Amino acid sequence: MIESQQINMCKLRTISSNFTANPNNTNLPSSQFQLESPFCFGWKICFPIVKNQSRFTRLLSIDQDDRVKETQIVIRNGREVLLQAFNWESRKHDWWRNLERKVPDMAKCGITSAWLPPPTNSFSPEGYLPQNLYSLNSGYGSENLLRNLISKMKQYNIRPMADIVINHRVGTTQGHGGKYNRYDWIPLSWDERAVTSCTGGLGNRSTGDNFHGVPNIDHTQDFVRKDLIGWLKWLRYTVGFQDFRFDFSRGYSAKYVKEYIEGAKPIFSVGEYWDSCNYKGTYLDYNQDSHRQRIVNWIDGTGKLSTAFDFTTKGILQEAVKGQLWRLRDVQGKPPGVMGWWPSRAVTFLDNHDTGSTQGHWPFPSNHVMEGYAYILTHPGIPSIFYDHFYDWGSAMHDQIAKLIHIRKEQDIKSHSSIRILEAKANLYAAIIGEKLCMKIGGDSWCPTGSEWKLAAHGHQYAVWHK
């Protein structure tokens with residue numbers, strides 16, 4: 001089970017190191033715990049190896065139990081509401097300070113985890129061409145400001161999510177073939193073997209799709225994975241990030257994501273497995289089963305340890321709200337995205353820094369955004385709110401989204417709640433979720449039958465009722 005594979009061995013404050021053990025067995029003898037790396041958590045005491053210390057073992061077992069409970073809350077209970085806390089232009093606006101001011105509002109509105117932009121040094125100011133992974137001075141602000149933000153988030157019980165960009169890395173010096181495929185003079189000073197042969201290095205071929213124009217990291221190399229796990233642990237336990245978002249996860253095998261999650265043990269993880277939906281010309285096919293199957297296969301490849309962004313639901317929903325709401329029921333009567341097959345692992349969303357913002361590669365129609373949120377915030381899956389919609393599009397939209405989050409939490413709608421789709425035609429979609437919440441979107445008039453249903457929220461072409 002996912003919970004048993006995400007046990008944090010590192011919360012004890014009386015020692016200064018991480019320990020490793022078989023994560024599937026919480027009852028190992030104390031002789032099987034040993035020091036792995038010198039990450040200090042407050043006490044300046046170092047133990048080379050811990051063996052046969054019964055008191056230590058009891059403390060560690062308590063810590064394991066706490067960690068299991070923590071992951072059970074997140075994965076099994078399914079009550080997460082995420083916020084993507086940036087857009088493509090955020091680097092221009094003193095971002096860490098800006099977010100720190102918004103933390104109290106995030107908490108008040110019910111956000112449980114905030115996805116932050118890439119925190120490390122990058123060749124591009126947006127953070128997606130990383131170079132020195134151990135430098136936390138980025139286009140978004142200084143390391144000190146980032147640590148202040150993370151501390152503030154934890155005070156308000158919002159988990160900081162790190163954007164993990166490890167498919168590719170910009171080199172510092174020229175190597176094989178005259179390409180910048182070496183990483184001299186910075187931490188993780190790899191040579192050309194760390195770069196895939198298909199992107200100019202001396203490593204093996206890529207285990208996924210290429211990200212063109214920069215050296216792609218060869219995750220098949222043992223030394224690369226060891227170094228990356230060490231870095232992820234540093235982010236997790238020294239910097240203080242609790243959740244991970246894996247950027248461009250199509251670029252390397254999901255089995256390595258599994259290894260990285262097992263090594264660093266984030267509380268929650270989500271992968272960006274984004275490829276094109278099925279179209280006939282510019283017309284979106286009704287059946288997107290093969291598209292969502294690829295995302296499901298990726299989740300399976302992570303050992304079920306990670307969730308994934310539900311790009312299938314996004315693609316269908318943004319066409320459906322244009323008078324094609326019949327798309328929101330598949331041939332089996334279920335939601336047509338990953339949400340309909342594996343809701344506890346489906347992170348639903350309308351836009352992100354790539355699809356929306358100033359890039360606008362695949363934007364959700366702006367005049368239907370509240371219908372979109374009425375859908376994802378009432379339905380199974382793990383909803384994610386986009387910063388622009390929440391904080392840049394006016395207080396009216398902020399308050400409507402916040403109200404829908406409040407209703408979701410008040411009615412205890414979870415990632416795996418049941419759903420009955422009542423209507424799905426051109427201008428009307430209606431469903432009952434968890435047998436205690438009812439919603440509709442679309443221009444046609446509709447309301448549930450029965451006096452037990454009370455109107456809880458409404459707006460342009462959407463309404464929500466609860467019992």
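Which residue of β10 stands opposite Gly271? In this predicted model, the residue across from Gly271 is Ala308, and the pair offers a convenient way into the sheet to which β10 belongs. Strand β7, covering residues 268-271, and strand β10, covering residues 307-309, run parallel and are joined by 2 bridges. Against the sheet packs helix α6, residues 289-301, which touches both β7 and β10 and whose direction makes about 150° with that of β10.

Seen as a whole, the sheet is a barrel: 8 strands close up in the order β3-β4-β5-β6-β7-β10-β11-β12, with parallel pairing. On average, and with direction ignored, neighbouring strands of this sheet are turned by 30° against each other. Strands of a sheet pair, in general, through backbone hydrogen bonds, in either a parallel or an antiparallel sense.

Elsewhere in the barrel, β5 and β6 pair in the parallel sense over 4 bridges, and here Ala162 is the residue that stands opposite Phe244 in β6. In a regular strand the side chains alternate between the two faces of the sheet. Strand β6 is covered on both of its faces, since Asp243 and Arg245 on one side are buried, as are Phe244 and Phe246 on the other.

The charged residues of these strands lead on to the salt bridges, of which the model has 26. Glu80 forms one of them with Arg159, the closest N and O atoms being 2.7 Å apart. Because Glu80 lies in the loop between α1 (54-76) and β3 (82-84), whereas Arg159 belongs to strand β5 (residues 159-164), this pair ties together parts that are 79 residues apart in sequence. Glu80 and Arg159 are both buried.

A further salt bridge brings together the side chains of Arg245 and Asp163, at 2.8 Å from N to O. With Arg245 in strand β6 (residues 243-246) and Asp163 in strand β5, the contact therefore ties together parts that are 82 residues apart in sequence. Arg245 and Asp163 are both buried, and they also take part in a network of salt bridges that links Asp163, Arg245, Asp247 and Glu272.

Helix α6, already met as the helix that packs on β7 and β10, has a salt bridge of its own to consider. The side chains of Asp330 and Arg292 meet at 2.9 Å, N to O, and because Asp330 sits in the loop between α7 and α8 while Arg292 is in helix α6, the pair ties together parts that are 38 residues apart in sequence. Asp330 is buried, with a relative accessible area of 8%, and Arg292 likewise counts as buried, at 1% relative accessibility.

The loop between α7 (311-320) and α8 (338-341) is also the place of Val331, but this residue counts as exposed, because its relative accessibility is 68% and the cut-off for exposed is over 50%. Together with Tyr283, Tyr286 and Trp326, Val331 makes a nonpolar surface patch of about 410 Å².

Helix α9, residues 369-376, presents another setting: 8 of its 8 residues are buried, so the helix is largely enclosed by the rest of the structure. Among the buried residues of α9 are Val369, Met370 and Ile376, along with Glu371, Tyr373 and Tyr375.

How values were computed
Residues numbered from 1 in each chain as written. Predicted model: local features only at pLDDT ≥ 70, side-chain atom pairs only at ≥ 80, totals over all residues. Heavy atoms only, no water. Patch = residues over 30% accessible without salt bridge, like charges linked within 9 Å, V, L, I, M, F, W, Y side chains within 5 Å. Areas by Shrake-Rupley, 256 points an atom, 1.4 Å probe, with all protein chains shown as cover. Salt bridge = Lys/Arg side-chain N within 4 Å of Asp/Glu carboxyl O. Buried < 20%, exposed > 50% of the residue type's maximum accessible area, 1.4 Å probe, protein only. Pairing = 2+ DSSP bridges. Axes fitted to C-alpha atoms, helices over the stretch in contact; angles between N-to-C directions. Contact = heavy atoms within 4.5 Å.
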